[in-house]
Amino acid sequence: RGNVEEAAEEKTDENGFTYTIMVPDAPLNLTPVKTSNSTIKIRWEVSSYWTDNGFEVCTYNASTKQYTHLAYTANTEYTLKNLKKDSKYVIAVREYIDVNGERRFSDYSQKLTALTSPKAPTLNKATYKSKGKINVQWKKVSGVKGYLVQYSTSKSFAEKNTCTIVLSDAAKKEKAISNLFAKTYYVRVCSYKSAGGRKYCSEWSNQLHQNRPQRQGPHQSADR
């Protein structure tokens, strides 16, 4: 059963009589949950509750101002699949109820602009330049907003042992990391783009590990 006060819509029939029908409210808080090169998982909330209801997921074309149906679902989350790599999508959702064989739709939710993941950079090398400092170099990716550089004493990049540096300069292709005094560090990098105040990151690059140099000099190898 819905919220009667918020879900009432007045209509007028061909004889001029006004009557009220019940329609659901528009979904709220449409957000991206997870993205990849070819998928975008979204989630939303509802402000009223009905039996026999569902949701329609659509994309929106700003040029034609048209919505395109993608799917119906009974859930409050959905994964868009088989999308183009490194592309932008505008998504909206509306709720519906079926009453006496008639499908009644809410307004569309607020539009969400989301991106599939950009191309991942290639990490070229990580070398000690001086005591406690590692210089990380990668092959830059065109069209991105910036990069995230992670370094960790954990090969699996466990959160408690990992630090992340955000670089908002897309032209960057190296970063010097200081105050490193553990025996071994692992490093990796990803690219990101921004939309709607959110960062959409690529997959992580290959990772390199760098041992603290001994007298014979630094040692570097790649973990695949």
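This is a short tour of a predicted model, going from the whole chain down to a few residues.

## The chain as a whole

Let's start with the fold. The protein chain has 19 strands and zero helices. Of its 224 residues, 41% are buried. The outside of the chain comes to about 13500 Å² of exposed area, and 43% of that is supplied by carbon and sulfur atoms.

How much of the contact network links residues that sit 24 or more positions apart? Taking the contacts with a separation of 6 or more, such pairs account for 59%.

## Glutamate 56, an acid under cover

Glutamate 56 belongs to strand S5, which runs over residues 53-61. Is this residue buried or exposed? With a relative accessibility of 4%, glutamate 56 counts as buried, because the cut-off for that label is anything under 20%.

So what does the side chain do in there? Two polar contacts are worth a look. One goes to the side chain of arginine 94, at 2.6 Å, and another reaches the side chain of histidine 69, at 2.8 Å.

Both partners also turn up in the list of residues that glutamate 56 touches once those up to four places away in sequence are set aside. The rest of that list is Ala71, Tyr72, Ala92, Val93, Tyr96, Phe105 and Tyr108.

## Leucine 83, a loop residue

Now for a loop. Leucine 83 sits between strand S7 (77-80) and strand S8 (88-99). Despite the loop setting, leucine 83 is buried, since its relative accessible area is 14% and the limit is 20%.

Which residues does leucine 83 touch, leaving out those up to four places away in sequence? They are Asn37, Ser38, Thr39, Ile40, Tyr89 and Thr116. Threonine 39 is 44 residues away along the chain, yet the C-alpha atoms of threonine 39 and leucine 83 are separated by 5.9 Å.

## Cysteines without a bond

Time to check the sulfurs. A disulfide is a covalent bond between the sulfur atoms of two cysteines. How many disulfides does the model have? The count is zero.

Cysteine 190 shows why a pair can miss out: the closest cysteine sulfur, in cysteine 201, is 4.2 Å from its own, which is too far for a bond when the cut-off is 2.5 Å. Cysteine 190 is also buried, at 1% relative accessibility. Cysteine 58 is buried too, with a relative accessible area of 1%.

Technical notes:
Residues numbered from 1 in each chain as written. Predicted model: local features only at pLDDT ≥ 70, side-chain atom pairs only at ≥ 80, totals over all residues. Heavy atoms only, no water. Helix = DSSP H or I, 4+ residues; strand = E, 2+ residues; numbered from the N terminus. Buried < 20%, exposed > 50% of the residue type's maximum accessible area, 1.4 Å probe, protein only. Polar contact = N/O pair within 3.5 Å; in protein donor to acceptor, adjacent residues only side chain to side chain. Contact = heavy atoms within 4.5 Å. Areas by Shrake-Rupley, 256 points an atom, 1.4 Å probe, with all protein chains shown as cover.
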